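Reader: I should like to learn how to read the main features of a protein model. May we take them one at a time, beginning with charged pairs?

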Amino acid sequence: MADLDLLTRSLARNVKRWRTERGFTLDMLAARAGVSRGMLIQIEQARTNPSIGTIVKIGDALGVSVPTLLDYERGPNVRIVPADRTVRLWHTERGSYSRLLTGTEALGPLEMWEWRLMPGESSDSDPHPEGTVELVHVTAGELTLTVDGEEHRVPAGASASFEANAPHTYGNAGDGPMEMIMTVSVPPAQ
């Protein structure tokens, strides 16, 4: 079975499980996540491969991390995620990508991502729930981070943190690839 098929099935099973556990109807989850009821039905029936943005919105609405929705294996205290088990959830033909490295359920979802953006490329993100914080550390190139319309330059070796409850964009205006590690902390669902 292909990786994408496994991810689609895991997502279907886990969205339904967490929706039921939270006591949400399809309509309630659709409203909380800003995703159509029809899309949720397709996801729960494993009939679609939603975008990373849609998966993030559903995870935020359920108060669980993307790895939880994608059914990563968990150990009792320590969880090692081998390099071949990380998940590339977004990519472009030119070589940009984001790769989910690990995540856990703390007080709310906590995720660590590896990102690569090729020159001239960017990725937009919708606002996350109030209280969400993102930390980025640029390892190569320069990140152009735009938060709520304000642009910030983050060069290699520098880090930034921001409240992610506003629209934000990760961009690369440089001549070479931009690489960064990003951590996202989302408050628990209320």
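Author: A salt bridge is counted here when a side-chain nitrogen of Lys or Arg lies within 4 Å of a carboxyl oxygen of Asp or Glu. Side chains of opposite charge can pair when their charged atoms come close. In this structure, the side chains of glutamate 121 and arginine 94 form such a bridge, at 4.0 Å from N to O. The pair links distant parts of the chain, 27 residues apart: glutamate 121 is in the loop between β3 (109–117) and β4, and arginine 94 is in the loop between β1 (87–91) and β2 (97–105).

Reader: On what kind of model do these values rest?

Author: This is a predicted model, in which local features need pLDDT of at least 70 and side-chain atom pairs count only at pLDDT 80 or more, while totals for chains, interfaces and linings use all residues. Residues are numbered from 1 along each chain as its sequence is written, and side-chain values use heavy atoms, with hydrogens and water left out.

Reader: Is glutamate 121 buried or exposed?

Author: Buried means under 20% relative accessible area, exposed means over 50%, and partly exposed lies in between (1.4 Å probe, protein chains only). Glutamate 121 is buried, at 12%. Of the 190 residues of the chain, 44% count as buried.

Reader: How many salt bridges does a search of the whole structure find?

Author: The search finds nine. One of them joins arginine 37 and aspartate 27, at 3.1 Å from N to O. Arginine 37 lies in helix α3 (residues 37–44) and aspartate 27 in helix α2 (residues 26–33), so this pair ties together parts 10 residues apart in sequence. Arginine 37 is partly exposed, with a relative accessible area of 41%. Glutamate 151 and arginine 153 also meet in a salt bridge, at 3.3 Å from N to O, and arginine 153 is partly exposed at 46%. In addition, Arg17, Glu21 and Arg22 are joined into one network by salt bridges that share partners.

Reader: How are the helices and strands defined, and in what order do the four strands of the open sheet lie?

Author: Helices (H or I, at least four residues) and strands (E, at least two) are DSSP runs, numbered from the N terminus. Two strands pair if DSSP finds at least two bridges between them. The chain has five helices and 10 strands. The open sheet has the order β4-β9-β6-β7, with antiparallel pairing. Its edge strands, β4 (122–125) and β7 (150–155), each pair on one side only. Strand β6 (residues 142–147) pairs with β7 over six bridges, and glutamate 142 has proline 155 in β7 as its bridge partner.
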